[in-house]
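Ready to look at a protein model together? Have the sequence and the 3D view at hand.

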Amino acid sequence: MLDLEFMRLAFGAGIVVGLLAPAVGFFLVQRRLSLIGDGIGHVAFLGVALGYLLDLPLVLTALVVSVAGALSIETLRARRRTAGDQALALIFYTGIAGGVVLVSAAGALNVNLFQFLFGSILTVSRGDLLTIALLGFAALALIAVLLRALLAVAIDEEGARVAGLPVPILNAVVSMLAALTIGISMRIVGILLIAALMVLPVIAAQRIAWSLRSTIGLSIVIGLGSVLAGLTASYYANLPPGGTIVLTASAFFLAAAAIEMVRAHA
């Protein structure tokens, strides 16, 4: 399998995505914004459609539009003019509807579009891998530097505000990290499935973890394992990689839930 260059590139990109997605997803789940990945994913679809229409770099356009959408959600939520779920719904439906209109206008309803929606290991180039690695590890480094502050906000936003932490800035950082994760994960998991990889490893880890830090660590291990096992299974079974990765993450969740039940009855 690894004799093939496209599989080596896919595994390289997949490792970055498997590390980053759960690390960012932890803060979304902790803030009860698990579905924000879906909302930003649909905005990313709008960005891809805009790229097709204007003949712009698709990944870069999707990334810029995703960041704008994520910041819009956070702004609406922070100002309390709109509840978090309502803000998410607004961006969610606007993104998908705008994407459909622009894709139709661009005449881009083709196989290439579906590669972005559901992922395709064949589309990862060396340039893509370099971009994914640089942005992904930069995002992980930022999380490591801000970890204590991000945890404080995720656990108790009002308490963090009283303690003098720049809560709006930290919330904006999480939103931008979520948008970045979706932007660089499109080629591996797909726009419509990346949110699952951000959430499933986290809720699986919560079943068996013993602290917040262990939850983050186990989330990353499960996310990475899901990507590696999913890509391997998709190659040998000739299955779609994005869907196989997410199904593997679902299997990890079921296993973690079973372990939790055994512990409860022990």
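Below, a student and a tutor talk through helix packing and salt bridges.

Tutor: This is a predicted model, where local features need pLDDT of at least 70, side-chain atom pairs count only at pLDDT 80 or more, and totals for chains, interfaces and linings use all residues. Residues are numbered from 1 along each chain as its sequence is written, and side-chain values use heavy atoms, leaving out hydrogens and water.

Student: At roughly what angle do the axes of helix 1 and helix 10 cross?

Tutor: Helices here are DSSP runs (H or I, at least four residues), numbered from the N terminus. Axes are lines fitted to C-alpha atoms over the stretch in contact, with angles from 0 to 180 degrees between N-to-C directions. Helix 1 (residues 5-30) and helix 10 (residues 212-237) have axes that come within 8 Å, and the crossing angle is roughly 145°.

Student: How many salt bridges does the structure hold?

Tutor: Side chains of opposite charge can pair when their charged atoms come close. A salt bridge needs a side-chain nitrogen of Lys or Arg within 4 Å of a carboxyl oxygen of Asp or Glu. One of them joins Arg 161 and Glu 158 at 3.9 Å, N to O. The total is 3.

Student: Which residue meets Glu 5 in a salt bridge?

Tutor: Glu 5 sits in helix 1, and the partner lies 121 residues away in helix 6 (residues 126-155). Glu 5 is partly exposed at 34% relative accessible area, while the partner counts as exposed at 61%; buried means under 20%, exposed over 50%, partly exposed in between (1.4 Å probe, protein chains only). The N to O distance is 2.6 Å, and the partner is Arg 126.

Terms used:
Helices (H or I, at least four residues) and strands (E, at least two) are DSSP runs, numbered from the N terminus.
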